[in-house]
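Student: I'd like to go through the labels people put on a model like this and check what backs each of them. Can we take them one at a time?

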Amino acid sequence: MMYLFIAISCLILAIYIYVIFILPYMIREKHYFIHKNSNEIIDISHAYDLYELKSIVTIAHFSDTHFSRFFSPKKINRLIRSTQRNRPEIIIFTGDLIENYGKWSPKMSPKLIRKMKRFTAPMGKIAILGNHDYLNNGQYFVKNALEESGFTVLKNEEIFGSMENFSITVTGIDDPLKGKPKYHYEKTYSRWHLLLLHEPDMIQHVPDIRNYDLILAGHAHEPRKYFRRFKKKIKGAEYFTHGLYAVTEKTILSICNRARRSYLSSRFRLVPEIIYYHLAKDDVNLLADKTQKSSTNE
């Protein structure tokens, strides 16, 4: 019995060390090559450098940092270094910056702002709010912290950007669960159209979904494959739960499942994730290499 007790204790200690000191500092990068007016995407995660000349703009997307006393801002250093290495033109954050404003320590605010400032992108950094950002009226603090960090926060707003041979409109919807979302927007004449919303299921309320090329969301917190059957459904991510979805013949929904969640059970099953979308130049034929096409969820 003594040996069994020691073995169990060692196992618990090993899991604790993995969860607290190893897993939070891991990172998973995904790279997708996307062609205009097509719902086919190439997963180029293992060869994204080969597509550098074929891409006109790269967009980085992360979500759900859920900063708290259990998950400090310093634990996103690898996400920051990832963007510094890949140098995207645009960085997108899709909500839930902090876990709960009611339990937030003001001493952490300067460190959070310093870390978020380290994300840099020549065409700008854009963010929306998530449902956790609204807890205990935290939306005012979160919006201010993001803006001090150099992010443009969209609450039922659109922003336009352009460079040579490229233009883009990014629409950001206020959080549907806690905020006051607006779903209808007039179509613009940009080459690319992005829609940002925190809860992926809410695309079902967007009447002009075909106007968008790419929809970016978070909130879902996908577990590892062997945990999925035990996962409780999350309101706002019951239908669209993870990965990529072709929601129309030209519109892709992409869910970035997490950069971190603060409580222990989620820490054990989740690895921080950042997704890069490499937008194709007009003269690139995406269909030339179907063998590398990534599959979309049914």
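## Checking the labels

Tutor: Let's start with a helix pair: H3 and H4 are oblique to each other. Keep in mind that this is a predicted model.

Student: What makes H3 and H4 oblique?

Tutor: Helix H3 (residues 109-117) and helix H4 (residues 139-148) pack at an angle of about 45 degrees, and their axes are 8 Å apart. Roughly parallel needs an angle under 35 degrees, and roughly perpendicular starts at 65. The angle of about 45 degrees fits neither label, so the pair is called oblique. As for handedness, H3 passes H4 in a right-handed crossing.

Student: Which residues of H3 and H4 make the contact?

Tutor: From H3 come Ser109, Leu112, Ile113, Met116 and Lys117, while H4 supplies Phe141, Ala145, Leu146 and Glu148. Sorted by class, the contact has 6 nonpolar, 1 polar and 2 charged residues.

Student: Let's zoom out. How many helices and strands are there in the protein?

Tutor: There are 5 helices and 13 strands. Of the 298 residues, 56% are buried. Take contacts between residues at least 6 apart in sequence: 72% of them join residues at least 24 apart.

Student: Which residues of helix H2 are buried, then?

Tutor: H2 spans residues 77-86, and its buried residues are Asn77, Leu79, Ile80, Ser82, Thr83 and Asn86. Their cover includes H3 plus the strands E1 (28-34), E3 (55-62), E4 (90-93) and E13 (273-280).

Student: Why is Thr83 called buried?

Tutor: Buried means under 20% relative accessible area. Thr83 has 3%, so the label holds. This H2 residue touches Ala60, Pro88, Ile91, Phe119, Ile274 and Tyr276, leaving out residues up to four places away in sequence.

Student: And what comes right after H2?

Tutor: Arg87 follows H2, and its phi is positive, near 50 degrees. Most residues other than glycine have a negative phi.

Student: Where else is there a residue with a positive phi although it is not a glycine?

Tutor: Asp96 is one of them, with a phi of about 60 degrees. Asn156 also has a positive phi of about 60 degrees without being a glycine. Asp96 sits in the loop between E4 and H3, and Asn156 in the loop between strand E6 (151-153) and strand E7 (157-163).

Student: Are those two buried or exposed?

Tutor: Asp96 has a relative accessible area of 0%, so it is buried. Asn156 comes out at 22%, which makes it partly exposed, because the buried label stops at 20% and the exposed label needs over 50%.

Student: How do you know that Glu89 is partly exposed?

Tutor: The argument runs the same way. Glu89 has 21% relative accessibility, and the partly exposed band lies between the 20% and 50% limits, so Glu89 belongs in that band. Glu89 is in the loop between H2 and E4.

Student: What does Glu89 touch?

Tutor: Not counting residues up to four places away in sequence, Glu89 touches Val57, Thr58, Ala121, Pro122, Met123 and Gly124. A polar atom of the Glu89 side chain lies 2.7 Å from the backbone nitrogen of Thr58. The C-alpha atoms of Glu89 and Thr120 are separated by 8.6 Å, with their positions 31 residues apart along the chain.

Student: What makes Gly150 partly exposed?

Tutor: Its 44% relative accessibility is the reason: exposed would need over 50%. Gly150 lies in the loop between H4 and E6.

Student: Last one. Why does Thr169 count as buried?

Tutor: Thr169, in strand E8 (residues 166-172), has 4% relative accessibility. The cut-off for buried is under 20%, so Thr169 qualifies.

Student: What makes the pair Thr169 and Thr188 a polar contact?

Tutor: The pair comes in at 2.9 Å, side chain to side chain, and the distance limit for a polar contact is 3.5 Å. Leaving aside neighbours within four places in sequence, the contacts of Thr169 also take in Glu158, Ile159, Phe160, Ser190, Trp192, His193 and Leu194. Glu158 is 11 residues from Thr169 in sequence and 6.7 Å away in space, C-alpha to C-alpha.

How values were computed
Residues numbered from 1 in each chain as written. Predicted model: local features only at pLDDT ≥ 70, side-chain atom pairs only at ≥ 80, totals over all residues. Heavy atoms only, no water. Helix = DSSP H or I, 4+ residues; strand = E, 2+ residues; numbered from the N terminus. Buried < 20%, exposed > 50% of the residue type's maximum accessible area, 1.4 Å probe, protein only. Contact = heavy atoms within 4.5 Å. Polar contact = N/O pair within 3.5 Å; in protein donor to acceptor, adjacent residues only side chain to side chain. Axes fitted to C-alpha atoms, helices over the stretch in contact; angles between N-to-C directions. Parallel < 35°, antiparallel > 145°, perpendicular 65-115°, else oblique. Left-handed = near helix turned anticlockwise from the far one by under 90°. Nonpolar A, V, L, I, M, F, W, Y, C, P; charged D, E, K, R; others polar.
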